[in-house]
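Hi there,

Here is the structure I promised to pass on to you. Have a look at it first, and then read on for what turned up in it.

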Amino acid sequence: MQPREDFLLKAYELGIIKFGNFILKSGIESPFYVDLRPLSSSPQLLKTLANHLLNLVENSPYELICGVPYAALPMGTTMSLASGSPLIIKRKENKGYGTKRMVEGIFQSGQNCLLVEDVITSGQSLLETIAEVEKEGLIVTDIVVVLDREQGGIQRLKEKGYTVHTLFTINEVIELLHRFHRLDDGEVMRIKNFLENPPAPPQKKRLALDKKKIQHPVAKMLVEIALKKQSNLIVSADVISSAELLNLARKTGDKIVAMKLHIDILRDFSMELIEELKQISKEKDFLLFEDRKYADIGNTQELQFKEGIYRTAAWADMITSHLIAGEESLKVFDNVGVVGIVEMSSKGALTDEYYVGKALNAANNAPNVMGVVAQRKVSDHLLLFTPGVNFSSSGDSKGQQYNTPAKVFSEYHTDFIIVGRGIYQSAEPAEAAEKYRALGWEAYLDSLKD
Ligand code: 5BU
């Protein structure tokens with residue numbers, strides 16, 4: 001018996017592959033289930049596996065090793081111990097607790113990092129990990145995988161130019177287990193049939209917005225409007241006169257879920273304007289969102305929110321607030337949905353990884369926070385708002401940086417796009433809003449397919 005075969009049979013005895021009926025994460029019913037985590041319970045087998053994996057990559061140019069969490073972490077560690085190549089750790093997600101970066105360890109930009117993965121299916125999670133590792137300035141050329149489920153993942157990675165080394169394919173595992181009498185003919189037939197004709201995953205009936213564990217009443221209202229209007233669009237009405245503002249509200253009101261305001265840039269603010277705006281927002285069913293970006297101690301924020309000439313507390317459904325003053329200072333925003341600023345769109349923004357983690361922590365702890373502004377997916381239960389969206393421009397001369405709706409929905413998994421100049425500076429704001437609504441919604445639906 002070859003050493004690889006011996007390893008596989010021993011690993012099988014540990015329970016790394018089970019046969020029967022299993023519902024996978026995708027909703028597909030599978031006749032087998034693979035879980036390599038029990039390997040850590042046998043240090044000897046883990047060592048043997050690490051040596052097999054190291055043999056596969058002996059001619060690869062890596063300087064660092066990174067195991068994709070969690071199952072491949074012990075594998076990467078064991079490979080690091082056996083080879084002497086340093087290990088780096090990629091966090092599974094930035095949950096906002098603590099302050100850590102996405103990749104931990106000592107490394108320099110430009111170093112080549114070998115990724116280690118336990119099982120590859122569609123390749124999606126590996127692609128996401130690669131993107132994060134590359135974002136740190138590391139170079140990924142080679143990936144080593146213990147088991148390929150032969151569902152297109154390897155192909156996807158190869159198309160993107162990565163070299164993938166696999167220890168076993170699922171067909172090979174089935175054949176080996178059959179040859180060594182761990183599987184009978186009937187089971188092999190059933191599994192091969194499944195592998196050759198993989199069933200389509202059940203249709204996702206619910207939208208991502210629906211699935212978020214949304215608690216805040218204003219967030220619920222916003223999502224209801226979004227689903228009704230099939231729109232993820234918030235228009236940023238950065239105009240300086242009441243007439244322009246009301247005109248924009250009338251023209252775009254049907255297409256949007258909320259109108260975002262900087263009420264203090266108006267030259268002719270009045271409470272009458274607010275009354276008219278409220279009337280239009282009721283008729284056309286959108287929320288009023290004051291982008292005030294509070295950033296002070298609670299007492300001052302309360303005065304700014306409730307007093308002064310704008311009396312924001314009296315009319316805004318939603319407001320933005322920086323989180324820099326800490327969660328206690330957010331308590332003063334009652335009867336309104338707070339959108340916390342976690343990360344800004346402008347070039348050179350100081351909202352780095354460290355800040356994002358701390359800000360998210362504060363946002364998660366404040367019950368009146370309904371969502372956050374960021375340029376990436378940050379949370380499963382807070383709504384994500386992304387400004388800096390424009391079809392036709394890549395930025396302005398004052399630091400703004402733009403992305404297309406397709407990019408922010410597919411890469412950041414945003415919930416709502418915020419568009420200012422792309423709409424209000426257009427010759428036909430109503431048409432522009434419809435374009436951002438329709439193409440934005442399409443990009444959003446597309447992003448749910450992965
Ligand atoms: P634009 O015209 O689409 O660039 O307007 C973007 C709006 O979003 C504008 O009102 C900004 O104040 C707001 N904004 C932003 O652009 N980037 C950020 O990170 C935050 C807010 Br927070």
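**What was found**

Helix α12 (residues 298-306) lies across β11 and β12, running at about 145 degrees to β11. Here helices (H or I, at least four residues) and strands (E, at least two) are DSSP runs, numbered from the N terminus; contact means heavy atoms within 4.5 Å. Axes are lines fitted to C-alpha atoms, for helices over the stretch in contact, and angles run from 0 to 180 degrees between N-to-C directions.

Before going further, please keep in mind that this is a predicted model: local features need pLDDT of at least 70, side-chain atom pairs count only at pLDDT 80 or more, and totals for chains, interfaces and linings use all residues. Residues are numbered from 1 along each chain as its sequence is written, and side-chain values use heavy atoms, with hydrogens and water left out.

**The barrel**

The two strands under α12 belong to a barrel, which 8 strands close in the order β9-β10-β11-β12-β13-β14-β15-β16, with parallel pairing. Two strands pair if DSSP finds at least two bridges between them. On average, neighbouring strands of this sheet are turned by 30 degrees against each other, direction ignored. Between β11 and β12, which run parallel, there are 3 bridges, and Glu290 stands opposite Ile319 in β12.

There are 13 aromatic pairs, counting rings of Phe, Tyr and Trp (its six-membered ring) whose centres lie within 6.5 Å; planes under 30 degrees apart count as stacked, over 60 as edge-to-face and the rest as tilted. One of them is the tilted pair of Tyr294 and Phe333, at 4.8 Å centre to centre and 45 degrees between the planes. This pair links distant parts of the chain: Tyr294 is in strand β11 (residues 287-294), while Phe333 sits in the loop between β12 (318-322) and β13 (337-341), 39 residues apart.

**The open sheet**

A second group to look at is an open sheet of 6 strands, in the order β5-β4-β3-β6-β7-β8, with mixed pairing. Its edge strands, β5 (103-104) and β8 (163-169), each pair on one side only. Strands β3 (residues 64-67) and β6 (residues 113-120) run parallel and are joined by 4 bridges; Ile65 has Leu114 as its bridge partner in β6. Across β3, β4 (87-90), β6 and β7 (142-148) lies helix α3 (residues 72-83), at about 140 degrees to β6.

In the loop between β3 and α3 you will find Tyr70, and the peptide bond from Pro69 to Tyr70 is cis, with omega near -10 degrees.

**The ligand**

Which residues are closest to the ligand? They are Asp238, Ser345, Gln400, Tyr402 and Arg421, out of 16 that surround the ligand (a heavy atom within 4 Å). For polar contacts with the ligand (pairs of N or O atoms within 3.5 Å), oxygen atoms of the ligand are 2.8 Å from an N or O atom in the side chain of Lys260, 2.9 Å from one in the side chain of His262 and 2.9 Å from a polar backbone atom of Gly420. The protein covers 90% of the 500 Å² of accessible area that the ligand has on its own (Shrake-Rupley method, 1.4 Å probe).

Happy browsing!

Key: A polar contact is a pair of N or O atoms within 3.5 Å; within protein, one must be able to donate a hydrogen and the other to accept it, and residues adjacent in sequence count only if both atoms are side-chain atoms.
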